[in-house]
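Biologist: Hey, I'm new to this one. Can you pull it up and walk me through it?

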Amino acid sequence: MMNRDPSAPAMTQEELKVLVGRAALAYVEPGQIIGVGTGSTVNCFIDALAQAQLSIAGTVSSSEASTQRLRAHGIPVFDANEVAELAVYIDGADEIDPRGHMIKGGGAALTREKIVAAQARRFVCIADQSKWVQTLGRFPLPVEVIPMATQRLIRQFAALGGEARVRLRDGVPLVTDNGQHILDVHGLRIPDPVAFESMVNNWPGVVTVGVFAHQRAHVCLLGTPEGVRTIAFETP
Ligand code: 5RP
């Protein structure tokens with residue numbers, strides 16, 4: 001734990017994101033190619049990476065948004081197909097549980113996030129303490145879907161007790177970087193994330209479910225009022 005001065009004023013969620021974004025630099029070494037996730041916490045990491053001038057060889061990015069931000073800082077971005085293995089993947093989460101299972105996809109980048117995470121030896125999750133849960137399911141579960149399957153998938157989630165809604169942007173279905181749509185499923189409780197991820201990934205029309213259990217985090221850097229808590233998860 002990195003301790004803070006207890007007399008200092010309470011940190012905002014934004015400040016906690018900056019804190020964990022900076023803490024993730026400890027997992028990056030000069031010369032490496034690293035995987036970079038998506039979201040406001042990762043944006044803090046990208047900015048910290050640029051400031052630190054670590055002279056990494058480059059990155060593989062999980063979204064057009066992160067690619068733009070990385071390139072704006074002059075950090076090279078490679079196509080995933082140009083790189084065999086990544087030393088580390090650094091990304092945020094919408095929820096993370098005590099075993100390192102996560103819900104992701106609040107930024108609609110879940111499919112590319114899983115692809116980049118699969119190439120990395122280590123997944124470092126950076127999150128403020130509001131993301132920590134005992135059981136996944138409080139955050140509406142994002143699922144990237146092929147649009148022609150939407151109504152059937154809504155019915156399949158309803159049979160599990162979930163209410164799936166098509167994510168909208170400016171009043172029309174949001175289109176992901178992969179040209180697909182997102183369902184946000186409310187009201188699910190996911191006590192067995194491994195089995196749940198396997199089941200939903202097998203439903204025709206599902207591109208990716210936002211449960212990251214098969215590719216859970218190895219380490220979580222959790223921003224708390226006391227400082228950054230480093231949580232290393234046991235390997236199975
Ligand atoms: C994007 C993600 C993000 O990691 C997740 O939504 C957390 O975002 P933020 O850091 O903005 O809270 O999965 O698809």
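Biologist: How much area do domain 1 and domain 2 bury between them?
Modeller: About 1,400 Å², with 53% of it on carbon and sulfur atoms. Buried area here is the accessible area (1.4 Å probe) that two parts lose on being put together, summed over both. L110, K114 and H214 supply 38% of what domain 1 buries against domain 2, more than any other three residues.

Biologist: Anything I should know about the model itself?
Modeller: This is a predicted model, where local features need pLDDT of at least 70 and side-chain atom pairs count only at pLDDT 80 or more, while totals for chains, interfaces and linings use all residues. Residues are numbered from 1 along each chain as its sequence is written, and side-chain values use heavy atoms, with hydrogens and water left out.

Biologist: OK, where do the domains run?
Modeller: Domain 1 covers 2-132 + 214-232, and domain 2 covers 141-210. Those bounds come from an automatic or database domain assignment. The C-alpha centres of the two domains lie 24 Å apart.

Biologist: And how many residues of each are in contact?
Modeller: 16 residues of domain 1 touch 20 residues of domain 2, with contact meaning heavy atoms within 4.5 Å.

Biologist: Which side chains meet in a salt bridge there?
Modeller: K114 and E197, at 2.6 Å from N to O. The count between the two domains is one salt bridge. The term means a side-chain nitrogen of Lys or Arg within 4 Å of a carboxyl oxygen of Asp or Glu.

Biologist: Which part of domain 1 gives the largest share of the side that touches domain 2?
Modeller: That's α4, with four residues. Helices (H or I, at least four residues) are DSSP runs, as are strands (E, at least two), and they're numbered from the N terminus.

Biologist: Switching topic: which residues come nearest the ligand?
Modeller: S40, T41, D94, G105 and K131, out of 17 around the ligand. A residue counts if one of its heavy atoms lies within 4 Å. An oxygen atom of the ligand is 2.7 Å from an N or O atom in the side chain of D94. For G92, a polar backbone atom is 3.3 Å from a ligand oxygen, and for A109 that kind of distance is 3.2 Å.

Biologist: Back to charges. How many salt bridges does the structure hold?
Modeller: Nine. One of them links E14 and K17, whose closest N and O atoms are 4.0 Å apart.

Biologist: How far apart are E14 and K17 along the helix?
Modeller: They're three residues apart in α1 (residues 13-23), so about one helical turn separates them.

Methods: Polar contact = N/O pair within 3.5 Å; in protein donor to acceptor, adjacent residues only side chain to side chain.
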